[in-house]
Amino acid sequence: PRDAVIVVLGGGRLEDGSLHPGSVDRVVAAAALHAAGIGRSMVMTSGGATDTMQSIGAQMGQLAEALGVPREAILVEDQSYSTPQNAIFTRDLLGADAFGPLILVTHRYHVARSRMSYRWAGMEDLTLFACDANRPILTAAYIVPVLKEGLKWPVNLARAGLASALLALGVRQEVFVSLLR
């Protein structure tokens, strides 16, 4: 959807503090979508700020700006450390806009769990965009991320189940959101 908000999920950072190539791939793909007239704004979502480093989300926002996305079109969510937290904090940042069309930009191995997390957080109007759709996935570079992704599914399901139960019992989000880390 051309009027969607593009949500770019963080893909980590390297030990030297620079963006992981996965994060860079996602931002480059989102910037290309925006340059093509798709998406009115974008959210860079990922935490990881330290005393000496900006969050991954902030670094991704700077890269998007360097790639030609206007600063006023970029929002940064910089508190999340997991995909379920990405979803909750993006929803809270966007408010009512979170329930309009969203385009989730990530890698192929991550699209299903991203979709599940965002739907769990109440956002249904989702388009998934794999930044690596035109690359072979059965390569050495993908083995570790794909294996990690398989391990993250049951953990996310358990955390989301516990958080949902606490929410149903009336526990405030601020109390249980750390369980989703």
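**Salt bridges, surface patch and selected contacts in the predicted model**

Aspartate 132 is placed in the loop that runs between strand E5 (126-130) and helix H5. Helices (H or I, at least four residues) and strands (E, at least two) are DSSP runs, numbered from the N terminus. The structure is a predicted model, in which local features need pLDDT of at least 70 and side-chain atom pairs count only at pLDDT 80 or more, while totals for chains, interfaces and linings use all residues. Residues are numbered from 1 along each chain as its sequence is written, and side-chain values use heavy atoms, with hydrogens and water left out.

Aspartate 132 is buried because its relative accessibility is 0%; the classes are buried (under 20% relative accessible area), exposed (over 50%) and partly exposed (in between), with a 1.4 Å probe and protein chains only. The side chain of this buried aspartate makes a polar contact with arginine 108, reaching its backbone nitrogen at 2.9 Å. A polar contact is a pair of N or O atoms within 3.5 Å; within protein, one must be able to donate a hydrogen and the other to accept it, and residues adjacent in sequence count only if both atoms are side-chain atoms.

Salt bridges, defined by a side-chain nitrogen of Lys or Arg within 4 Å of a carboxyl oxygen of Asp or Glu, number 7 in the model. One of them joins aspartate 97 to arginine 40, with 3.5 Å between the closest N and O atoms. This pair connects distant parts of the chain, 57 residues apart: aspartate 97 belongs to the loop between helix H3 (83-94) and strand E4 (102-106), and arginine 40 to the loop between helix H1 (21-35) and E2. Aspartate 97 is partly exposed at 37% relative accessibility, and arginine 40 is also partly exposed, at 40%.

In another salt bridge, arginine 71 meets glutamate 65 with an N to O distance of 3.2 Å. Here arginine 71 is exposed, since its relative accessibility is 57%, whereas glutamate 65 is partly exposed at 31%. Arginine 91 and aspartate 92 likewise form a salt bridge, the closest N and O atoms lying 3.2 Å apart. In this pair arginine 91 counts as buried because its relative accessibility is 19%, while aspartate 92 is partly exposed at 41%.

Aromatic rings were examined next. The charged end of arginine 181 sits over the ring of tyrosine 81, at 3.7 Å from the ring centre; the criterion is NZ of Lys or CZ of Arg within 6 Å of the ring centre and within 35 degrees of the ring normal.

On the surface, Ile143, Val144 and Leu147 make up a nonpolar patch of about 290 Å². Patches consist of residues with over 30% relative accessible area and no salt bridge, like charges being joined within 9 Å and nonpolar side chains (Val, Leu, Ile, Met, Phe, Trp, Tyr) within 5 Å. Accessible areas come from the Shrake-Rupley method with a 1.4 Å probe, and for residues only the protein chains shown count as cover. Isoleucine 143 lies in helix H5 (residues 140-168) and is partly exposed, given a relative accessible area of 49%.

The loop between strand E2 (41-45) and helix H2 (56-66) contains glutamine 54, and alanine 49 lies in the loop between E2 and H2. Glutamine 54 is partly exposed at 38% relative accessibility, and alanine 49 is partly exposed at 43%. The C-alpha atoms of glutamine 54 and glycine 17 are separated by 9.0 Å, with their positions 37 residues apart along the chain. For alanine 49 and glycine 37, 12 residues apart along the chain, the C-alpha separation is 31 Å.
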